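The exercises below ask you to read a protein model step by step, from the whole chain down to single residues. Try each task with the structure in view before you turn to its solution.

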Amino acid sequence: MSRQTVYWGEKRYHSLDYYLKNRFGQKLYKLSLNGGMTCPNRDGTLGTRGCIFCSQGGSGDFAANPSLPITEQIDTAKKQVDKKYFGSAYIAYFQAYTNTYAPCKTLRKIFTSAINHPDIHVLSVATRPDCIDDEVLSLLDELNRIKPVWIELGLQSIHERTARFIRRGYDLTVFENAVSILRKHGIEVITHVILGLPTEEERHMLDTIRYLNTMDIQGIKLQLLHILKNTDLASLYEQQRFPVLSMEDYLKITGQCIANLRPDIVVHRLTGDGPRSLLLAPSWSSDKRRVLNQMQAYLKQNDIWQGKEFKK
Ligand code: SF4
């Protein structure tokens, strides 16, 4: 593929901003909402300690106060971003914990409030692939007919050894089935991948990318491993001081992931997503703006673009 055949604005990858402007004619801003869920990996169903990297906030530390009704959460979250975003189109993002892990009646109430809000253009729901049963699927299908529904699945890696290390609690086939049933209903799937887990080298991360190229997914979040305070990963790090990625390694690995990624897959994230106050390592990643600028410069200097190395 030549560079001339692919172009995503100023970026060398299919960025979320580019995708949103193309599809909705404008940038949409994400509002982190909170449905007050828990997770089978935390409530004792599968485990009590969660995934090894998961913070007390259930990997959704910026989410709104769950005791408020959803419409109020939306209005509060809008006020919080009104100094940096001047538009009026938003994504209702349910990020914390497992957002399909509640009775369907509860989910219907929460998601319907969000999707019916006039300023909400997309409903984005982070969940686990083992928490999408027929009833939930039918609800998501119904909502997807009102406005686009995106389902975010935290796969992190395709490797069994890593899945055991992070205590993910489901097999790869469960992920495959979830993608397949969601796609049958035309629901877009975004997959989370963690780069820099101590069980993996660059080749393992690239295996995950190449595998995802074969799956019917529409988006990806490439997330640098953040070691957050008060997690089991933090305790392990304090005991063992296992190596974490340097910025140089991260640029190189992420560059390779982008080069190998199918060009139509939208890149929703290229950095970590933990709050600075909880970040233990790698400390360089706290300056997100700098990391993203370095990433653009690295891709340009090395003439890398999304799909450059992608083979069907
Ligand atoms: S599945 Fe998500 S919310 Fe549950 S423990 Fe793992 S990272 Fe945390």
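**Exercise 1. The surface and the interior**

Task: State how much surface the chain of this predicted model exposes and what share of that surface carbon and sulfur atoms supply.

Solution: Begin with the total, which is about 14100 Å² of exposed area for the chain. Then take the share by atom type, where carbon and sulfur atoms supply 49% of that area. Turning from the surface to the interior, 58% of the 312 residues of the chain count as buried.

**Exercise 2. The overall fold**

Task: Describe the secondary structure and the dimensions of the chain, and explain why it is called as compact as a globular protein of its length.

Solution: First count the elements, which are 10 helices and 9 strands. Next compare two radii: the radius of gyration is 19 Å, and the globule rule gives 20 Å for 312 residues, so the chain, being close to that value, is as compact as a globular protein of that length. The C-alpha trace spans about 50 × 50 × 40 Å along its principal axes. Finally, consider the contacts with a separation of 6 or more, of which 82% join residues that are 24 or more positions apart.

**Exercise 3. The nonpolar cores**

Task: Find the largest nonpolar core, name the residues with the most contacts inside it, and say which helix gives the most to it.

Solution: As background, nonpolar side chains in soluble globular proteins tend to be buried together. Here the largest nonpolar core has 81 residues, and Leu123 and Phe175 have the most contacts inside it. Helix H9, which covers residues 247–260, gives the most to this core, with 7 residues. To look more closely at one of the central names, list what Phe175 touches when residues up to four places away in sequence are left out: Pro129, Leu153, Leu155, Tyr170, Thr191, Tyr211, Leu212 and Met215. A second core, separate from this one, has 15 residues, and among them are Ile194, Leu236, Tyr237 and Phe242.

**Exercise 4. The shell around the ligand**

Task: Say how many residues surround the ligand, which are the closest, and how the shell divides by class.

Solution: The shell consists of 10 residues, and the closest are Cys39, Cys51, Cys54, Tyr97 and Arg128. Sorted by class, the shell has 5 nonpolar residues, 4 polar residues and 1 charged residue.

**Exercise 5. Unusual backbone geometry**

Task: Locate a cis peptide bond and two positive phi values in residues other than glycine.

Solution: Recall that most residues other than glycine have a negative phi, and that most peptide bonds are trans. The bond from Ala281 to Pro282 is cis, with omega near -5 degrees, and Pro282 lies in the loop between strand S9 (279–281) and helix H10 (288–301). For phi, take Asn230, where the value is near 65 degrees; this residue sits in the loop between strand S7 (227–228) and helix H8 (232–240). Since exposed means over 50% relative accessible area, Asn230 at 58% counts as exposed. Then take Arg241, with a positive phi of about 45 degrees, in the loop between H8 and H9. Its relative accessibility is 54%, so Arg241 counts as exposed as well.

**Exercise 6. Buried, partly exposed or exposed?**

Task: Classify His117, Glu202 and Gln80 by their relative accessible area, and place each of them in the chain.

Solution: The cut-offs needed are under 20% for buried and over 50% for exposed, with partly exposed in between.

- His117 lies in the loop between helix H3 (104–115) and strand S3 (120–127), and because its relative accessibility is 10%, it counts as buried. Leaving out residues up to four places away in sequence, His117 touches Thr71, Ile74, Asp75, Lys78 and Lys147.
- Glu202 belongs to helix H7, residues 202–213, and with a relative accessible area of 22% it is partly exposed. Beyond four places in sequence, Glu202 touches Lys252, Ile253 and Gln256. The C-alpha atoms of Glu202 and Cys257 are separated by 9.1 Å, although the two residues are 55 residues apart along the chain.
- Gln80 is found in helix H2, residues 70–81, and its relative accessible area of 62% makes it exposed. Gln80 and Leu31 are 49 residues apart in sequence, and their C-alpha atoms are 9.4 Å apart in space.

Conventions:
Residues numbered from 1 in each chain as written. Predicted model: local features only at pLDDT ≥ 70, side-chain atom pairs only at ≥ 80, totals over all residues. Heavy atoms only, no water. Near = heavy atom within 4 Å. Nonpolar A, V, L, I, M, F, W, Y, C, P; charged D, E, K, R; others polar. Helix = DSSP H or I, 4+ residues; strand = E, 2+ residues; numbered from the N terminus. Rg over C-alpha atoms; globule rule 2.2 N^0.38 Å. Buried < 20%, exposed > 50% of the residue type's maximum accessible area, 1.4 Å probe, protein only. Contact = heavy atoms within 4.5 Å. Areas by Shrake-Rupley, 256 points an atom, 1.4 Å probe, with all protein chains shown as cover. Core = buried A, V, L, I, M, F, W, Y, C linked by side-chain atoms within 4.5 Å.
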